[in-house]
Each structure stands twice: as structure tokens, then as C-alpha cells.
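User: Please go through the ligand site and the internal cavities of this model with me.

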Amino acid sequence: MTTTSEQLLDIKKIREDFPILHREINGKPLVYFDNAATSQTPKHVIDCIVDYYETKNANIHRGVHTLSQMATDAYEEAREKVRAHFNAKKAHEIIFTSGTTHSINLVANGYASVLQKGDEILVSAMEHHSNIVPWQMLCEKTGAILKVIPMSYHGELEMDTYKQMLNDKTKLVFVNHVSNALGTINPIEDIIHLAHAVGAKVLIDGAQSAPHIKADAQALDVDFYTVSAHKICGPTGVGMLYGKEDLLNMLPPYQGGGEMISEVTFEKTTYAGLPHKFEAGTPNISGGIAFGAALDYMNDVGFENIASYESELLKYATDEISKIEGVEIYGTSPEKKTAVLSFNIKGLHPYDIGTLLDKMGVAVRTGHHCAQPIMEFYKIPGTVRASFSFYNTIEEIDIFISALKKAKTMLL
Ligand SMILES: *Cc1c(COP(=O)(O)O)cnc(C)c1O
């Protein structure tokens with residue numbers, strides 16, 4: 001490892017913050033390279049959840065009693081942390097959801113009453129199923145037409161084709177900031193700018209970018225942005241939807257219930273204002289608070305440090321794996337990639353590789369990564385995906401590479 005990265009991050013100290021990194025799997029030290037599926041949780045965040053249940057547990061926004069007030073304050077402080085992190089103009093532009101899937105469905109459901117037959121929706125060829133299926137459902141409901149922005153063999157969106165696809169019928173554009181299957185960082189600044197020029201709104205799925213890149217909602221001028229806390233060192237079952245105030249005000253509520261109303265009679269119900277209109281029912285209170293704590297933790301480590309350290313890990317892993325004969329890597333523009341290595345070894349099924357790696361303590365993801373259209377594009381059943389985080393090390397990559405070589409000789 002170069003001295004710069006050692007100076008950037010005190011990896012030894014960081015690893016001490018993550019209890020799970022010290023356990024063994026199948027008698028071997030855990031090497032966790034499935035960070036793009038979910039990140040591990042630092043003690044700081046785990047403690048925050050424990051503290052909530054030990055000292056503050058109560059329902060929010062309702063009670064006059066002290067505990068309810070404490071829980072409400074902590075939850076709203078977390079919303080403010082999320083707002084500040086993504087630089088939203090107002091805290092009520094941050095809607096707490098159960099994660100990216102929920103956030104996208106909330107928007108897709110809302111647009112069912114806005115879109116008309118013949119309107120056009122663009123999605124990219126490298127989307128996660130959760131950024132495809134809700135829009136297909138929306139098209140079925142409204143008669144809108146779903147069109148796909150193509151990608152190149154290197155795993156980059158074809159921007160010239162995108163420009164030609166945009167027209168005054170284009171109402172919505174949905175692209176992930178970073179592809180979970182390939183790691184490609186998409187040029188969302190240009191995507192947003194070009195869409196706005198024809199009056200279309202843009203939703204950016206930030207599930208995979210949030211662990212590596214600090215997105216600035218106002219600078220991007222993005223209309224909607226979605227994040228899952230569990231991919232940025234937070235707990236599962238919580239995330240956020242950022243939306244511009246006027247757009248969120250325009251969309252109808254997603255679910256009806258408690259918390260989201262202003263007044264209810266059997267004749268007519270009026271809805272609460274933002275953000276409550278979209279937060280029906282008792283939310284994941286401890287999760288929301290822990291989401292805020294996870295952002296604190298990540299910001300303490302520093303996103304610039306994280307990005308440069310992870311790109312060193314990616315470069316090292318890419319160089320080492322390329323020395324193995326028969327390896328094909330998908331998504332090959334390393335300067336525009338997060339630390340994701342999606343690959344196959346000629347003649348071997350990804351599932352068999354993943355199973356053998358697990359026996360040697362190495363956790364990777366195998367399969368289609370909820371992005372079947374990408375697999376179809378490359379005409380493969382799936383890939384092996386190793387995805388790195390700032391708490392991984394060069395030594396772990398060495399273990400992974402030698403485990404991979406061993407798996408190859410066992411299988412071929
Ligand atoms: C993980 C992921 C999702 C889905 O997130 P959930 O937390 O499962 O709702 C959507 N898009 C991308 C790019 C992802 O990586």
C-alpha cells in the first residue's frame with residue numbers, strides 16, 4: 001500500500017469500529033467484499049440504535065410526554081443531518097422511506113395521476129430492477145411509453161443517443177448515479193441538464209453512489225434523489241427520497257393512514273404538509289436516527305478520503321485479477337468507476353466461484369445483481385461481483401486473489 005493511502009485513512013482503527021469484521025467464516029477470517037449489496041455497520045451506529053431503545057423509545061409527533069418529545073427531536077435532527085449531507089434547501093424536502101425501492105415507488109405512484117397517454121419515460125440500460133419495474137407499472141397505468149438509453153460494451157451510457165431520444169414528449173428520466181452491477185459512474189450533471197432543456201424531470205437512483213460520492217442536490221439541480229441507509233453504514237429498512245418542494249407538493253400521497261393527514265372526516269380528508277404527507281404510519285424511528293449517525297460516521301472518515309482510498313483498492317484488485325488467465329471484467333473505465341469488480345472466469349459459472357470463495361471466508365455476490373437487462377446485454381448468466389469499501393484492505397485483496405486462483409484450479 002502506498003504511503004498516501006495510509007496517511008489518508010487509519011484503516012486499522014477504522015476496522016476496529018466494525019465488530020463483524022473480526023469474525024470468522026468457515027474457519028477463515030471474514031473478507032467481506034459484498035459491500036454493494038449492503039455495507040457493514042460501525043459500533044457508533046449500533047450503539048445509537050441500542051441507545052434509542054434503552055433511553056428514548058416512544059412514538060413521534062404525537063405525544064406531549066417527555067419521551068415522545070425526545071424521540072421526535074432525535075428523528076427530526078436526523079432529518080436535518082440528511083438534509084445537510086445532501087444539501088437540500090429544506091428539511092421537509094427529505095422524506096424518510098424504507099429505502100430506495102420505496103422511494104422510487106412513491107414517485108412512480110404519484111406520477112400515475114400526472115402522466116398522460118403517449119408521454120415518454122427514459123430509463124438507462126443499466127438500471128437495478130427497482131428502477132425499471134415501477135416505471136413499467138406506471139406505463140401500464142397511464143399509457144406512457146418506456147424507452148431505454150443504450151449502453152456501450154465498456155459499460156457507459158451512449159450520451160449521443162440519449163440526446164436524440166429527448167423531445168417535448170419526454171416527461172421523466174430515471175438513471176442510477178452509479179450502476180450496482182458494473183460500478184459505472186454516470187454523467188448525471190449532463191443527464192439532468194439535457195433533460196431539463198426539454199422540460200423533463202429527473203430521478204437519480206443514488207443507492208450505489210451514496211457510499212462513495214457526496215451528492216449536492218442543489219448544485220445538481222436534481223428533481224428526485226434516492227438513498228438506502230444500509231449501503232452507507234446505516235441499518236436496513238430506512239432510506240430517503242429527496243424531492244424538490246414544488247414537485248413533492250404536486251404529487252399525491254403514496255399511502256393513507258396516521259401521521260399523513262391534516263383533518264379526517266368520513267366525507268373528506270385533507271392531507272398534512274411535507275414531509276408528513278408521505279410518511280403515513282409509525283416510521284422506522286430508530287432507523288432514521290441511526291441513518292443520521294451513519295452519515296456522521298462517514299463524514300468523519302471523509303468522502304474524499306474514502307473515494308481515493310477505494311480507487312486504490314480497485315486499481316490494485318483490477319491489476320491483480322487481470323493477471324489470472326480467462327478473466328473478463330465488465331465495466332472497464334476505471335476512472336469513472338466506484339470500487340466494483342464485476343467479472344467472470346472463462347468456462348466457470350459465477351455461482352460455483354462464489355460458493356468456493358465463501359468456503360475460504362471471502363464473501364462476494366454472484367448472479368444478475370437485480371440487473372438482468374445488463375446480463376442480457378453481455379449474453380451471460382451473471383457475474384461474480386467483488387465490491388470494496390473503505391474498511392477493506394490490500395491484504396484482503398491478496399487473500400481474495402489467491403482464493404480465486406485456488407477455486408479456478410479446483411473447478412477447471
Ligand atoms: C441496492 C440498490 C437498489 C435497491 O435498494 P433497496 O435498499 O433494496 O431498496 C436500487 N438501485 C441500486 C442502484 C441499488 O444498488
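Analyst: Ala, Val, Leu, Ile, Met, Phe, Trp, Tyr, Cys and Pro count here as nonpolar, Asp, Glu, Lys and Arg as charged, and the others, Gly among them, as polar. The model is predicted: local features need pLDDT of at least 70, side-chain atom pairs pLDDT 80 or more, while totals for chains, interfaces and linings use all residues. Residues are numbered from 1 along each chain as its sequence is written, and side-chain values use heavy atoms, without hydrogens and water.

User: How many nonpolar, polar and charged residues does the shell around the ligand have?

Analyst: A residue is near the ligand if one of its heavy atoms lies within 4 Å of it. The ligand is surrounded by residues including His128, Asn180, Asp205, Ala207 and Lys231. By class, the shell has one nonpolar, eight polar and two charged residues.

User: Which side chain has an N or O atom 2.5 Å from an oxygen atom of the ligand?

Analyst: A polar contact is a pair of N or O atoms within 3.5 Å; within protein, one must be able to donate a hydrogen and the other to accept it, and residues adjacent in sequence count only if both atoms are side-chain atoms. Polar side-chain atoms of Ser228 and Lys231 each lie 2.7 Å from a ligand oxygen. At 2.5 Å from an oxygen atom of the ligand, the side chain is that of Gln208.

User: Which residues of the ligand shell are named with Thr100 at the start of its numbering?

Analyst: The shell includes Ser130 and His230. Also among its members, beside Thr100, is Thr101.
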